[in-house]
Amino acid sequence: MEKVKSVTLDGEEIHVFNSAIYLFETNTTVTLELNIIVSEIVANKYKHVDKLIIEIELEDGRMINSIMSVTVMQGRLPQLHIFCDIDDLDEYKGLSILDENNSSFPDIEEGITLEEIRKVEMPLEDITLKLKLPIDQVEWLRTLKKKEVTAMMEEFLIYYRKKG
């Protein structure tokens, strides 16, 4: 199977942890398909996007540029499934051709963990805590900026997780 060197979505190069690019053939159409493992941040960014301008650079130096559809795949790891119909098979020589009867779909999740992905790009999430504290602590916390409270909580959580 051909190897992907880089992927650019609407002009933004993204980090690809693993990928599979192939042609999928049915009775009526042939589609170019790209499955990629990405960070949670990238998957969330594109989960409500239908079509993008995609640039795919293959290891052999070939470039594929097209407007393609995008869907977020559900799995153990964050994945994007990018695809478009094609007319001329000759433009895509060397790519594997698969169909629904083919049992050799690549497992692009193999050998990758969510922890490894998060080392490259860690998503941030808002959280609201409801605490009951002595009034002097509450008054002091209210004098701090959100950024300061966030940094303090991060330090505390790192310390507490190491301790436990």
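# A guided tour from S39 to the salt bridges

Begin by selecting S39 and E121: their side chains make a polar contact with each other at 2.5 Å. The model on display is a predicted one. With S39 still selected, trace the chain on either side; the residue sits in the loop that runs between β4 (30-37) and α1 (40-45). S39 has a relative accessibility of 1%, and therefore counts as buried. To see what surrounds S39, display F17, P78, I117 and E121, which are its contacts once neighbours within four places in sequence are set aside.

**The nonpolar cores**

Next, select L9, I21, L32, I56, L80 and I82. These are the residues with the most contacts inside the largest nonpolar core, which has 27 residues. Colouring by secondary structure shows where this core comes from: β1 (4-9), β3 (18-25), β4, α1, β5 (51-58), β6 (63-73) and β7 (79-85) each contribute at least two of its residues. A second core, of nine residues, lies apart from this one; Y22, L77, I112 and I117 are among its members.

Centre the view on L32. Leaving out residues up to four places away in sequence, L32 touches I21, Y22, L23, I64, M68, I82, F83, C84, I86, Y92 and L95.

**The strands β5, β6 and β7**

Now show the backbone of β5 and β6, which pair in the antiparallel sense over seven bridges. Within this pairing, select L52 and then M68, its bridge partner in β6. Follow the two strands to their hairpin, where four residues lie between them, and select G61: this glycine takes a positive phi near 95 degrees.

Move on to the other pairing of β6, with β7. This one is also antiparallel, and it extends over five bridges. V72 may be selected here together with L80, its bridge partner in β7. β6 and β7 likewise form a hairpin, with five residues between the strands.

**The salt bridges**

A search of the whole structure finds seven salt bridges. Select E40 and R118, whose closest N and O atoms are 2.7 Å apart in one such bridge. E40 belongs to helix α1 and R118 to helix α2 (residues 114-120), so this pair ties together parts 78 residues apart in sequence. Is each partner buried or exposed? E40 has a relative accessibility of 18% and so counts as buried, whereas R118 is partly exposed, its relative accessible area being 32%.

The next pair to select is E109 and R76, a salt bridge in which the closest N and O atoms are 3.6 Å apart. Because E109 lies in the loop between β8 (96-98) and α2, and R76 in the loop between β6 and β7, the pair ties together parts that are 33 residues apart in sequence. E109, at 12% relative accessibility, counts as buried.

Then turn to D90 and K93, whose side chains meet in a salt bridge at 4.0 Å, N to O. Both D90 and K93 are exposed. To finish, select E2, D60 and R62, which are joined into one network by salt bridges that share partners.

Definitions and conventions: Residues numbered from 1 in each chain as written. Predicted model: local features only at pLDDT ≥ 70, side-chain atom pairs only at ≥ 80, totals over all residues. Heavy atoms only, no water. Buried < 20%, exposed > 50% of the residue type's maximum accessible area, 1.4 Å probe, protein only. Polar contact = N/O pair within 3.5 Å; in protein donor to acceptor, adjacent residues only side chain to side chain. Contact = heavy atoms within 4.5 Å. Core = buried A, V, L, I, M, F, W, Y, C linked by side-chain atoms within 4.5 Å. Pairing = 2+ DSSP bridges.
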